[in-house]
Amino acid sequence: MSGEPLPRSFYARDAQTVAPDLLGYVLETRSRGRVTAGRIVEVEAYVGPHDPAAHGFGNRRTQRNDALFGPPGFFYVYFTYGMHWCANAVTRSDGFPSAVLIRALEPLDGLAAMRRRRGVQSDRLLCAGPARLCQALAITGTYNKEWLDGDRVRVTGPRVSPDEIVVGPRIGISKATDWPLRFGVSGSPFLSRAF
DNA sequence: GGTAGGATAAGCT
DNA sequence: GCTTATCCTACCA
């Protein structure tokens, strides 16, 4: 099931380059011995201090966004809307705030645990959204600043290369809404929204 | 099928 | 006090 984790060097590139390359790889977590995993089918890039929609805009480093400024290959997990967690892969270089938000997975492994945590009827909705997949994979703030090649969380191969990658504007933001930085696997039924 | 409103808390002005 | 990288439910068509 679990392949080799991607090397940290994979993440040491621009977020908009890493983002589409992540499609098709598997995100896997281990929580109290239970493994859950899903194939990445939707991502968004947050490209740097010049990106008005990104938490690192203007290079303002705070306690909340500190992991975003960390080294490539870090996991950046933040809390939002008073009840939701979202998960990112930190990219580029240490000290430069950029990351790829994981927006949707195709559930692969640990479906029973996912259904229990999510409490939804349809498997299509288990991981179809950044906060939904965190709930399904039990990702919370304790995962912040983990390495993405570790035992608690990893991104692994082998990659199932998408036949086609589609691009569009990012979701849930109010600035730079026309930047084409959302990437998805064309036609996947597990997207958070159609492109 | 679609959309409006509420939940709920940290961070910023 | 307002915004937020969201999701769920209720309601209307």
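This briefing describes where the protein meets two DNA strands. The model is predicted, so local features need pLDDT of at least 70 and side-chain atom pairs count only at pLDDT 80 or more, while totals for chains, interfaces and linings use all residues. Residues are numbered from 1 along each chain as its sequence is written, chains are lettered from A in the order in which they are written, and side-chain values use heavy atoms, with hydrogens and water left out.

**DNA strand C**

- Around DNA strand C there are 19 residues (each with a heavy atom within 4 Å of the strand), and the closest are H84, N88, R132, G172 and S174.
- Sugar and phosphate make up 56% of the strand C atoms that come within 4 Å of the protein.
- The side chain of N88 has an N or O atom 2.5 Å from a base nitrogen of DNA strand C, a polar contact (a pair of N or O atoms within 3.5 Å).
- Y78 places a polar side-chain atom 3.0 Å from a base nitrogen of DNA strand C.
- For R132, a polar side-chain atom lies 2.7 Å from a phosphate oxygen of DNA strand C.
- β4 (84-90), β5 (99-109) and α3 (130-136) are the elements that give two or more residues to this surface (helices are DSSP runs of H or I, at least four residues; strands are runs of E, at least two).

**DNA strand B**

- The residues around DNA strand B are T62, R64, Y81, G82 and M83.
- Of the strand B atoms within 4 Å of the protein, 53% belong to sugar or phosphate and the rest to bases.
- A backbone N or O atom of Y81 is 2.3 Å from a base oxygen of DNA strand B.

How values were computed:
Polar contact = N/O pair within 3.5 Å; in protein donor to acceptor, adjacent residues only side chain to side chain.
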